[in-house]
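Me: Hello! Please pick one part of this model, take a close look at it, and tell me how it is connected to its surroundings.

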Amino acid sequence: MATFQQIHGGCRWWKRKFWGAYRVARGARIAAGGSLTLVPGFQGALPSETSVLEGAINAALESLARGLALEMSPVRVNTVSPVMIVTPLWSGMSDEVHVAKFEAVLRACWRSAWGTR
């Protein structure tokens, strides 16, 4: 069973990620032929047993983009779902930790893509 902190954190993430994108799409003034790009993340398409909530929120954001594309036409609505990107945020970790994290994500993606454990 989820703890209060997990539920509260999930609600905060839902509010920021999903409703934030929704509000931007509603408030943006994009010229015909322009585009809006949302970044749901790979977990919407490749969920794992350790990121169920993140996967659901990202999948909802992908669905939002599809609906907005219909509603906002001729404005294009796109999604980009990066897996993992090396940024300065990783600088506090050793190379061994980097490699271990990337390998774990790749294994999870492979299992999800092929439906194996």
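Reply: Gladly. In what follows, buried means under 20% relative accessible area, exposed over 50%, and partly exposed in between (1.4 Å probe, protein chains only). The model is predicted, so local features need pLDDT of at least 70 and side-chain atom pairs count only at pLDDT 80 or more, while totals for chains, interfaces and linings use all residues. Residues are numbered from 1 along each chain as its sequence is written, and side-chain values use heavy atoms, leaving out hydrogens and water.

Let's look closely at helix α2, residues 52-72. First, its setting: the protein chain has 3 helices and 2 strands (DSSP runs numbered from the N terminus, H or I with at least four residues for helices, E with at least two for strands). Along the sequence they follow the pattern α-β-α-β-α. Of the 117 residues of the protein chain, 26% count as buried.

Helix α2 joins β1 and β2 in a right-handed β-α-β unit; right-handed here means that, with the strands pointing away from the viewer, the path from the first strand over the helix to the second runs clockwise. The two strands, β1 (35-38) and β2 (residues 76-79), pair in the parallel sense over 4 bridges, where pairing requires that DSSP finds at least two bridges between them. Within that pairing, S35 stands opposite R76 and T37 stands opposite N78. Side chains in a regular strand alternate between the two faces of the sheet. In β1, L36 and L38 make up the covered face, and S35 and T37 the uncovered one.

L38 also brings us to the largest nonpolar core, which has 13 residues. Such a core is a set of buried Ala, Val, Leu, Ile, Met, Phe, Trp, Tyr and Cys residues joined through side-chain atoms within 4.5 Å. The residues with the most contacts inside it are L38, L61, L64, L68 and M72. Helix α2 gives the most to this core, with 6 residues, and the elements that give two or more are α1, β1 and α2. Take L68: its contacts (heavy atoms within 4.5 Å) beyond four places in sequence are A25, R26, L38, S73 and V77.

Now for the polar residues of α2, beginning with N58. N58 counts as buried because its relative accessibility is 1%. Beyond four places in sequence, N58 is in contact with W13, K17, P40, G41, Q43 and G44. One of these, Q43, is 15 residues away in sequence and 6.4 Å away in space, C-alpha to C-alpha.

E62, also in α2, is buried and has no salt bridge. A salt bridge puts a side-chain nitrogen of Lys or Arg within 4 Å of a carboxyl oxygen of Asp or Glu. For E62, the nearest side chain of opposite charge is R66, 4.5 Å away; for charge, Lys and Arg count as positive, Asp and Glu as negative, and His and the chain ends are not counted. Setting aside neighbours within four places in sequence, E62 is in contact with P40, G41, G44, A45, T79 and S81.

T79, in strand β2, is worth following from there. Apart from residues up to four places away in sequence, T79 touches L38, P40, E62 and A65. T79 is partly exposed because its relative accessible area is 36%. T79 and T37 are 42 residues apart in sequence and 5.4 Å apart in space, C-alpha to C-alpha.

Finally, the count comes to 1 salt bridge, and α2 takes part in it: R26 pairs with E71, the closest N and O atoms being 2.2 Å apart. This pair links distant parts of the chain, with R26 in helix α1 (residues 4-27) and E71 in helix α2, 45 residues apart. R26 counts as partly exposed because its relative accessibility is 41%, and E71 counts as partly exposed because its relative accessibility is 49%. For the protein chain overall, residues 24 or more positions apart account for 62% of the contacts with a separation of 6 or more.
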